[in-house]
Number of protein chains: 2
Amino acid sequence: MNSEITPKEKVNQVILPSELLAHWQGHRVLTRKLIEKFPDKEFFGYTLGGMRTFAEMVEELLSIAGPGTKEIVTGKTASFDEASPKGKTKAEILELWDRTTEEINENWSQIEVGRFHDEIKSFGQYEGTVQSAILYFIDNEIHHRGQGYVYLRTLGIEPPMFWDRN
Amino acid sequence: MNSEITPKEKVNQVILPSELLAHWQGHRVLTRKLIEKFPDKEFFGYTLGGMRTFAEMVEELLSIAGPGTKEIVTGKTASFDEASPKGKTKAEILELWDRTTEEINENWSQIEVGRFHDEIKSFGQYEGTVQSAILYFIDNEIHHRGQGYVYLRTLGIEPPMFWDRN
């Protein structure tokens with residue numbers, strides 16, 4: 001998608017589509033590390049303050065990232081099925097995480113820079129623009145991952161550093 | 001800073017400087033709501049898993065936002081003094097929060113769109129670009145605020161909704 005971006009345009013933009021993609025995927029690398037840090041049992045069973053398990057939060061993220069970016073590309077309303085289990089083991093979840101990584105890349109390659117200000121309704125209900133929807137997807141991941149950090153800490157497990165995204 | 005941005009440029013950018021500012025300030029509105037939700041005692045004294053209190057996290061955010069954006073504008077290395085207390089009461093912290101809101105706006109108005117890809121060293125040590133530094137400031141706030149949500153939940157206090165940023 002960057003073939004049309006000239007150096008002049010590059011310096012006059014806050015962030016390029018390819019940079020925002022790399023930013024998100026970097027965050028997803030860190031979230032993946034967090035999933036790996038959880039013991040299987042606690043991933044699916046541990047919770048604090050009546051909140052969801054980290055597995056349930058991750059299932060929400062998986063319900064958003066692939067379908068949400070696909071919806072942006074196709075314009076076809078995506079269904080939001082966070083409640084349906086995405087895997088019975090951490091290994092299954094991680095496999096789906098990696099498939100989603102590819103799906104995001106594939107969908108992203110079809111989003112022209114001129115589309116980021118298009119008005120859309122994510123999952124048929126959340127009004128915004130392509131840009132605000134994608135920022136919401138990323139921010140929501142950071143938010144829940146921050147909660148996963150507290151879960152790990154209270155389990156006595158050292159989480160990865162916040163800047164560790166490679 | 002948007003006076004030089006024509007409609008043509010607008011549609012060919014992921015996000016405008018003014019939009020990124022509004023995005024950040026929206027997040028800061030939500031973080032402010034979280035601070036307000038904490039009882040004074042728990043704000044300064046409650047912690048989980050050996051982590052910092054929410055007050056300490058907020059003091060970190062205050063050490064970053066104003067000085068970090070000022071450093072971008074002036075090019076003068078900012079000192080990072082997250083350890084120094086920013087206030088003895090929640091009211092004092094909230095006052096500083098609001099002053100920081102103005103500081104960010106003031107600094108932001110001096111960051112031209114062409115500067116977002118400039119290479120900088122935040123606080124004299126963190127290498128990146130203006131853009132990656134600002135995203136780090138925002139992401140770090142979302143991250144710690146997510147942890148504040150867990151603190152509130154375990155205290156039996158209902159936090160504000162994640163999308164409540166007005």
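# Exercises on a predicted two-chain model

B:Phe123 sits in the loop that connects S1 and S2 of chain B. The model is a predicted one, and the exercises below start from this loop.

## Exercise 1: the hairpin in chain B

Task: Describe how S1(B) and S2(B) pair, and state what phi B:Phe123 takes in the hairpin.

Solution.

Step 1. Locate the strands. Strand S1 of chain B covers residues 119–122, and strand S2 of chain B covers residues 126–129.

Step 2. Establish the pairing. Four bridges connect the two strands, in the antiparallel sense. Among the partners, B:Lys121 is bridged to B:Glu127, and B:Ile120 stands opposite B:Gly128.

Step 3. Sort the side chains of S1(B). In a regular strand, side chains alternate between the two faces of the sheet. The covered face of S1(B) holds B:Ile120 and B:Ser122, while B:Glu119 and B:Lys121 are on the uncovered face.

Step 4. Examine the turn. Three residues lie between the strands of this hairpin. B:Phe123 has a phi near 50°, a positive value in a residue other than glycine. Most residues other than glycine have a negative phi.

Step 5. Check burial. The relative accessible area of B:Phe123 is 8%, so this residue is buried; the cut-off for buried is under 20%.

## Exercise 2: the hairpin in chain A

Task: Which residues form the covered face and which the uncovered face of S1 in chain A?

Solution.

Step 1. Strand S1 of chain A spans residues 119–122. Its covered face consists of A:Ile120 and A:Ser122, and its uncovered face of A:Glu119 and A:Lys121.

Step 2. S1(A) runs antiparallel to strand S2 of chain A (residues 126–129), with four bridges between them. A:Lys121 has A:Glu127 as its bridge partner in S2(A).

Step 3. A:Phe123 is in the loop between S1 and S2 of chain A. Its phi is positive, near 50°, although the residue is not glycine. A:Phe123 has 7% relative accessibility and therefore counts as buried.

## Exercise 3: an aromatic pair and its cluster

Task: What is the geometry of the aromatic pair formed by A:Trp24 and A:Phe137?

Solution.

Step 1. A pair of aromatic rings is described by the distance of the centres and the angle of the planes. Over all chains, the structure has 22 aromatic pairs. In the pair of A:Trp24 and A:Phe137, the centres are 6.2 Å apart and the planes make an angle of 45°, a tilted arrangement.

Step 2. Place the partners in the chain. A:Trp24 belongs to helix H2 (residues 17–37) and A:Phe137 to helix H6 (residues 130–154), both of chain A; the two residues are 113 residues apart, and the pair links distant parts of the chain. Both A:Trp24 and A:Phe137 are buried.

Step 3. Extend the view. These two residues belong to one aromatic cluster together with A:Phe80, A:Trp108, A:Phe116 and A:Phe123. The loop residue of Exercise 2, A:Phe123, is thus in this cluster.

Step 4. Look for charges over rings. A:Arg28 lies over the face of A:Trp97, 4.3 Å from the ring centre. A:Arg165 lies over the face of A:Phe162, 4.7 Å from the ring centre.

## Exercise 4: the core and A:Phe54

Task: Which residues have the most contacts inside the largest nonpolar core?

Solution.

Step 1. Nonpolar side chains tend to be buried together in soluble globular proteins. The largest nonpolar core here has 92 residues, and those with the most contacts inside it are A:Leu20, A:Phe54, A:Ile134, B:Leu20, B:Phe54 and B:Ile134.

Step 2. Identify the contributing elements. Helices H2, H4, H5 and H6 of chain A, and H2, H4, H5 and H6 of chain B, each give two or more residues to this core.

Step 3. Take A:Phe54 as an example. A:Phe54 is in helix H4 of chain A, and counts as buried because its relative accessibility is 1%.

Step 4. List its partners. Beyond neighbours within four places in sequence, the contacts of A:Phe54 include A:Leu34, A:Phe38, A:Tyr46, A:His144 and A:Tyr151. A:His144 is 90 residues away in sequence, yet the C-alpha atoms are 8.1 Å apart.

## Exercise 5: how the chains are related

Task: What turn and what shift lay chain B on chain A?

Solution.

Step 1. A turn of 180° and a shift of 0.0 Å along the axis lay chain B on chain A, with an RMSD of 0.0 Å.

Step 2. The two copies are therefore related as by a two-fold rotation axis.

Step 3. Of the interface residues of chain B, 100% are also interface residues in chain A, so the copies meet through the same surface.

Definitions and conventions
Residues numbered from 1 in each chain as written. Chains lettered and ligands numbered in written order. Predicted model: local features only at pLDDT ≥ 70, side-chain atom pairs only at ≥ 80, totals over all residues. Heavy atoms only, no water. Phe/Tyr/Trp six-rings, centres within 6.5 Å; stacked < 30°, edge-to-face > 60°. Buried < 20%, exposed > 50% of the residue type's maximum accessible area, 1.4 Å probe, protein only. Lys NZ or Arg CZ within 6 Å of the ring centre and 35° of its normal. Least-squares fit on C-alpha atoms with pLDDT ≥ 70 in both. Contact = heavy atoms within 4.5 Å. Core = buried A, V, L, I, M, F, W, Y, C linked by side-chain atoms within 4.5 Å. Pairing = 2+ DSSP bridges.
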